[in-house]
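Grab a pencil and work through these exercises with the viewer open. Each one sets a task and then walks through a solution.

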Amino acid sequence: MTILFWVSLVLIVVSMALFVYRLIKGPTAPDRVIALDAMGVTLISVIALLSVLVGTNLYLEIILLLAILSFIGTVAFSKFIEKGEVFDRGDSD
Amino acid sequence: MKNSDVIIQTTTKVVFFIIFLFAIHIFFAGHYTPGGGFVGGLLTASALVLLLLAFDIRTVKKALPFNYTVIIGIGLILALGTASASILFDVPFFTHAYDYFKLPLFGETSLHSAMLFDLGVYLVVVGATMNIILSIGSDD
């Protein structure tokens, strides 16, 4: 059973390397943002598989924390690409 | 312009409370599992940042009228007060105390005075992070 987790870990790391290729190569900024978001998801998978391999359940909070931070980072990047500023002042309307 | 953010605003209305509850959980779980005041404070600040991203600064200031500089002061007073309250009981500075209490809903619970110090750390982290982000984000 352990070999299954190692194989999936290697596959996920390979996919993360391919996301790094997209992050470097990506012609536009949204490509890079989506590559970073997907790298966050693969990093969550890596932590989940490592917590199975190490045999602890204390990493599960890190998974939720990383999901939240990845979501907020992606939203901030998207808003910066869309509107040119991260925080609206709220004076205009 | 106002209606173009409807998906992120609706998502934020749900996700904000999940992040805030997780921050409270990670703050209270800090005694026995990983977590504590620092991570809980940063997570609360990131929930507030998500509110700032979905809405604008004036709306968030109207919804949560906190002065974050005062929150830093309250946190520091709480931490220093917890640390120096042990002097009144004729024990060295920073000596903590704990005891078991019968609470109505939780049963027998151990309450530790280090939690009050951790609450001070939490408030200082939330106040400092929001001060930095708001003072950079609003350029006036």
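**Exercise 1. A loop in chain B**

Is Asp90(B) buried or exposed? Keep in mind that you're looking at a predicted model, then work out what sets Asp90(B) and Phe94(B) apart in backbone and accessibility.

*Solution.*

Step 1: Start with accessibility. Asp90(B) has a relative accessible area of 73%, and the cut-off for exposed is over 50%, so Asp90(B) counts as exposed.

Step 2: Find it on the chain. Asp90(B) sits in the loop that links H4 to strand E1 (98–103) of chain B.

Step 3: Check the backbone. Asp90(B) has a phi near 65°, which is positive even though the residue isn't glycine.

Step 4: Now do Phe94(B). This residue is also in the loop between H4 and E1 of chain B, and its phi, near 70°, is again a positive value in a non-glycine residue. With a relative accessible area of 38%, Phe94(B) comes out as partly exposed.

**Exercise 2. Two polar residues tucked away in chain B**

Find out whether Gln9(B) and Thr44(B) are buried or exposed, and list what they touch beyond their sequence neighbours.

*Solution.*

Step 1: Place them. Gln9(B) belongs to helix H1 of chain B, while Thr44(B) is part of helix H2 of chain B.

Step 2: Apply the cut-off for buried, under 20%. Gln9(B) has a relative accessible area of 18%, so it is buried. Thr44(B) has 5% relative accessibility, so it counts as buried too.

Step 3: List the partners, skipping neighbours within four places in sequence. Gln9(B) contacts Ala54(B) and Phe55(B). For Thr44(B), the contacts are Phe20(B), Ala23(B), Tyr122(B) and Val126(B).

**Exercise 3. The cores**

Which residues of the largest nonpolar core touch the most other members, and which elements build that core?

*Solution.*

Step 1: Recall the background. In soluble globular proteins, nonpolar side chains tend to be buried together.

Step 2: Pick out the hubs. The core has 29 residues, and the ones touching the most other members are Ile72(A), Ile19(B), Leu48(B), Leu52(B) and Met130(B).

Step 3: Trace the elements. Two or more residues each come from helix H3 (60–83) of chain A and, in chain B, from helices H1 (6–28), H2 (37–54), H3 (57–63), H4 (68–84) and H5 (114–137). H2(B) gives the largest share, 10 residues.

Step 4: Zoom in on one hub. Leaving out neighbours within four places in sequence, Leu48(B) contacts Phe16(B), Leu64(B), Tyr68(B), Val126(B) and Met130(B).

Step 5: Look for what's left over. A separate core of 6 residues includes Ile12(A), Met39(A), Val46(A) and Leu49(A).

**Exercise 4. Where the chains meet**

Describe the contact between chain A and chain B, starting from area and ending with polar pairs.

*Solution.*

Step 1: Take the area. Chain A and chain B bury about 2100 Å² between them, with 69% of that on carbon and sulfur atoms. Glu61(A), Phe87(A) and Arg89(A) supply 33% of what chain A buries against chain B, more than any other three residues.

Step 2: Count the residues. Chain A brings 19 residues to the contact and chain B brings 28.

Step 3: Look for charge pairs. There is 1 salt bridge between the chains: the side chains of Lys83(A) and Asp5(B) pair up, 2.9 Å from N to O.

Step 4: Add the polar contacts, which come to 4 residue pairs across the interface, both residues at pLDDT 80 or more. The side of chain A that touches chain B divides into 11 nonpolar, 1 polar and 7 charged residues.

Conventions: Residues are numbered from 1 along each chain as its sequence is written. Chains are lettered from A and ligands numbered from 1 in the order in which they are written. Side-chain values use heavy atoms; hydrogens and water are left out. Contact means heavy atoms within 4.5 Å. Buried area is the accessible area (1.4 Å probe) that two parts lose on being put together, summed over both. A salt bridge is a side-chain nitrogen of Lys or Arg within 4 Å of a carboxyl oxygen of Asp or Glu. A polar contact is a pair of N or O atoms within 3.5 Å; within protein, one must be able to donate a hydrogen and the other to accept it, and residues adjacent in sequence count only if both atoms are side-chain atoms. Ala, Val, Leu, Ile, Met, Phe, Trp, Tyr, Cys and Pro count as nonpolar, Asp, Glu, Lys and Arg as charged, and the others, Gly among them, as polar. A nonpolar core is a set of buried Ala, Val, Leu, Ile, Met, Phe, Trp, Tyr and Cys residues joined through side-chain atoms within 4.5 Å. Buried means under 20% relative accessible area, exposed over 50%, partly exposed in between (1.4 Å probe, protein chains only). Helices (H or I, at least four residues) and strands (E, at least two) are DSSP runs, numbered from the N terminus.
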